[in-house]
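Please read the following account with the model open beside it, moving from cysteines to aromatic rings and then to the enclosed and open spaces.

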Amino acid sequence: MAGLGMVEKLPLKDDLIFVLNSGSSSLKFGIYYRGASDEEALLTGSADGIGKSNGTLNVRSSAGKSLVQREGILESQTDALATVAEAIREHIHAAPVAVGHRVVHGGPNLLTHQPITPQVLDELRSAIHFAPLHIPQALSLISSAQSLFPSAMQFACFDDVFHRTMPEVASHLPLPQRYFDAGVRRYGFHGLSYESLVYHFGAQLPTRAIFAHLGNGASLCALRNKVSIDTTMALTPTGGIPMGTRSGDLDPGVIVYLLRMEQLGADEMEYLVNHQSGLLALSSDESDVKSLEARARSDDPHATLALNVFAISVRKVIGAYVALLGGVDLLVFTGGIGEHSDYVRSAVTNGLEFLGLTADKIKIVSAEEEQQIARHCRRMMGQPR
């Protein structure tokens, strides 16, 4: 990897919040300070392709100037974090006073965004079976951040908290009561993204809204009066619509068939539905929507099938949510695919005018998860924004 090169010192701030937004193979981050009316970014960036030979690390100033650009292998999330911490030391005069972590799943007992204490860490460890792909990674990042920034307060912001408003009719899965009592329920995810959209629209958010966070992980949410009443993901971020490499919802009989006929164990099944399914499986070898669009334009039937299955799955959920809400006043697309793929958005929305979804009711808004985490941290620190 290239070195840091010429160092640009950024303006001195003494109330910095360092935000870590962990993905399956990426780490987004930002340093925020208390602006006149909202959290303002001093530095942002991302580490992508973690664990791959073509990994990248980019750090930018708030003006968009590249401060660090590296290529090569970042072995893990914690390796990426150490590299980011080095960049922070080179470019910023002060250490952060707080670190905010996006934690995908809080399990059944962590119901609010909160400071990280030994008790919170114990709860996360006991909840690993709810999200075995995500919680161990979050615990590793928290441990590394505590070592790198020992004087900073550490906060956990949970991706499922936003959906705690769902009524029992949405959260209670059709299984015996003992499973619900044990925490097997619909949790929902992408909550920090959805929270950021609610904040973005503020008082202008109408009564009936549908948010579609479409990226490598994808979900939709129905909102009434600014709160979640239903969402597509359920117990884990694997459920709902098909995604980049995740299956989404499957007939339970498919799982039974695979267990019985192929003798798959739990770990093998988990790997199949999380890493070998979705767009990757439908297209035979590709999960990136840009690449699939290029192949579809060249009449590749596998790419076309993958994109159409994805778009129609989103379209079907929108129809269901319009029925649930009794109409719709706003449809918002966000996430990498939702924001940047005209192909997918058109395939999803063309012909939905009969549901009242005219062009003026469809918006594209960037997800601001990192900024939303910074807002929560500032609130929990007891500092006004």
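In this predicted model, the count of disulfides comes to 0. The pair to examine is C157 and C377: the sulfur of C157 has its closest cysteine sulfur in C377, at 4.6 Å, which is too far for a bond, because a disulfide requires the two sulfur atoms to lie within 2.5 Å. Seen from the other side, the result is repeated, since the cysteine sulfur closest to that of C377 belongs to C157, again at 4.6 Å and too far for a bond. Both ends of this unbonded pair are shielded from solvent by the criterion used here, C157 being buried with a relative accessible area of 0% and C377 likewise counting as buried at 0% relative accessibility.

The aromatic side chains come next, and here the count is 4 aromatic pairs. One of them joins F130 to Y187 in an edge-to-face arrangement, with 6.0 Å from centre to centre and 70° between the planes. This pair links distant parts of the chain, for F130 belongs to the loop between α2 (118-126) and α3 (135-148), while Y187 belongs to the loop between α5 (177-181) and α6 (191-201), and the two residues are 57 residues apart. F130 and Y187 are both buried.

Another pair, formed by F162 and Y194, is tilted, with its ring centres 6.3 Å apart and an angle of 45° between the planes. F162 lies in the loop between β8 (153-158) and α4 (168-171), whereas Y194 lies in helix α6, so the pair ties together parts of the chain that are 32 residues apart in sequence. F162 counts as buried at 11% relative accessibility, because the limit for that class is under 20%, and Y194 is also buried, with a relative accessible area of 0%. These two rings do not stand by themselves, as F162, Y194 and F211 form one aromatic cluster.

Two arginines also take up positions over aromatic rings. R185 lies over the face of Y187, at 4.7 Å from the ring centre, and Y187 is the ring already met as the partner of F130. R375 lies over the face of Y199, at 3.5 Å from the ring centre.

Turning from contacts to empty space, how many cavities of 30 Å³ or more does the model hold? The count comes to 1, and about 60 Å³ of space lies within this cavity. Its lining consists of S22, R102, V103, V104, H105, H134, I135, Q137 and A138, and the elements that contribute two or more residues to that lining are β6 (98-103) and α3. The largest share, 3 residues, comes from α3. By class, the lining of the cavity comprises 4 nonpolar, 4 polar and 1 charged residues.

The open spaces can be approached in the same way through the second largest pocket, which holds about 1300 Å³ of space. This pocket is lined by 39 residues, and those that lie nearest its centre are L235, T236, T238, G239 and D249. Two or more lining residues come from each of β11 (227-231), α7 (252-261), α8 (266-275) and α11 (301-325), with α8 giving the largest share, 5 residues. The lining of the second largest pocket divides into 21 nonpolar, 12 polar and 6 charged residues.

Terms used:
Residues numbered from 1 in each chain as written. Predicted model: local features only at pLDDT ≥ 70, side-chain atom pairs only at ≥ 80, totals over all residues. Heavy atoms only, no water. 1 Å grid on protein atoms, 1.4 Å probe; cavity = no way out; pocket = protein on both sides within 12 Å on 5 of 7 lines; lining within 4 Å. Points joined across faces, edges and corners; volume = space filled by probe spheres on them. Helix = DSSP H or I, 4+ residues; strand = E, 2+ residues; numbered from the N terminus. Nonpolar A, V, L, I, M, F, W, Y, C, P; charged D, E, K, R; others polar. Buried < 20%, exposed > 50% of the residue type's maximum accessible area, 1.4 Å probe, protein only. Phe/Tyr/Trp six-rings, centres within 6.5 Å; stacked < 30°, edge-to-face > 60°. Lys NZ or Arg CZ within 6 Å of the ring centre and 35° of its normal.
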